[in-house]
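Morning, everyone. Please bring up the sequence and the model, and follow along as I go.

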Amino acid sequence: GYPGGVAWALLVARVCQLYPNAAPATILAKFFKFWAMWKWPNPVLLDTIVDLKYGFKVWDSKTDLKDRKDISPVITPCYPG
């Protein structure tokens, strides 16, 4: 399938983090170039993942086989990541 609305927003946000002073047209051009070169299945993260130990499952490809099988992980920046 294709990414949903939240995933698209996170992909744009990541490019905006990398080019914070860029004009909208530049962001658009950088968006396609950046994601075309992305080494999938490396996860897209806006911030580091922190497990607050509240008992919720947190995405972790090092310990969870199911997470390791993700093809194009886009991880939300809010708990539980």
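Start with α2, where Ile27, Phe31, Phe34 and Trp35 are buried. Keep in mind that this is a predicted model. What covers those buried α2 residues? α1 is part of the answer.

Now the helix itself. α2 has 14 residues, and at 1.5 Å a residue it should span 20 Å. The end C-alpha atoms of α2 are 20 Å apart, so the two values agree.

Next, aromatics. How many aromatic pairs does the structure hold? Seven. Take one of them, Trp8 with Phe31. The ring centres are 6.1 Å apart, and the planes make an angle of 40 degrees. That makes the pair tilted. Trp8 sits in helix α1, residues 5–18, and Phe31 sits in helix α2. The two are 23 residues apart, so to speak of sequence, this pair links distant parts of the chain.

Are the two partners buried or exposed? Phe31 has 9% relative accessibility, so it counts as buried. The cut-off for buried is under 20%. Trp8 has 40% relative accessibility, so Trp8 counts as partly exposed. Partly exposed is the range between the buried limit and the exposed limit, which is over 50%.

There is also a ring cluster. Phe34, Trp35, Trp38 and Trp40 are joined into it by ring pairs. Two names there should be familiar: Phe34 and Trp35 are on the buried list for α2.

Over to the surface. Val50, Leu52, Tyr54 and Phe56 make a nonpolar patch of about 450 Å². Where is Tyr54? In the loop between α2, residues 24–37, and α3, residues 65–68. Tyr54 reaches 59% relative accessibility, so it counts as exposed.

Now the whole chain. The protein chain has three helices and zero strands. Along the sequence the pattern reads α-α-α. The C-alpha atoms fill a box of roughly 40 × 25 × 20 Å along the principal axes.

Some totals. The protein chain has 81 residues, and 19% of them are buried. The exposed area is about 6100 Å², with 63% of that supplied by carbon and sulfur atoms. Then contacts. Among those with a separation of 6 or more, 50% are between residues 24 or more positions apart.

To recap: α1 helps cover the buried residues of α2, Trp8 pairs with Phe31, and Tyr54 belongs to the nonpolar patch. Over to you for questions.

How values were computed: Residues are numbered from 1 along each chain as its sequence is written. This is a predicted model: local features need pLDDT of at least 70, side-chain atom pairs count only at pLDDT 80 or more; totals for chains, interfaces and linings use all residues. Side-chain values use heavy atoms; hydrogens and water are left out. Patches are made of residues with over 30% relative accessible area and no salt bridge: like charges are joined within 9 Å, nonpolar side chains (Val, Leu, Ile, Met, Phe, Trp, Tyr) within 5 Å. Accessible areas come from the Shrake-Rupley method with a 1.4 Å probe; for residues, only the protein chains shown count as cover. A salt bridge is a side-chain nitrogen of Lys or Arg within 4 Å of a carboxyl oxygen of Asp or Glu. Helices (H or I, at least four residues) and strands (E, at least two) are DSSP runs, numbered from the N terminus. Buried means under 20% relative accessible area, exposed over 50%, partly exposed in between (1.4 Å probe, protein chains only). Rings of Phe, Tyr and Trp (its six-membered ring) pair if their centres lie within 6.5 Å; planes under 30 degrees apart count as stacked, over 60 as edge-to-face and the rest as tilted. Contact means heavy atoms within 4.5 Å. The expected span of a helix is 1.5 Å times one less than its number of residues.
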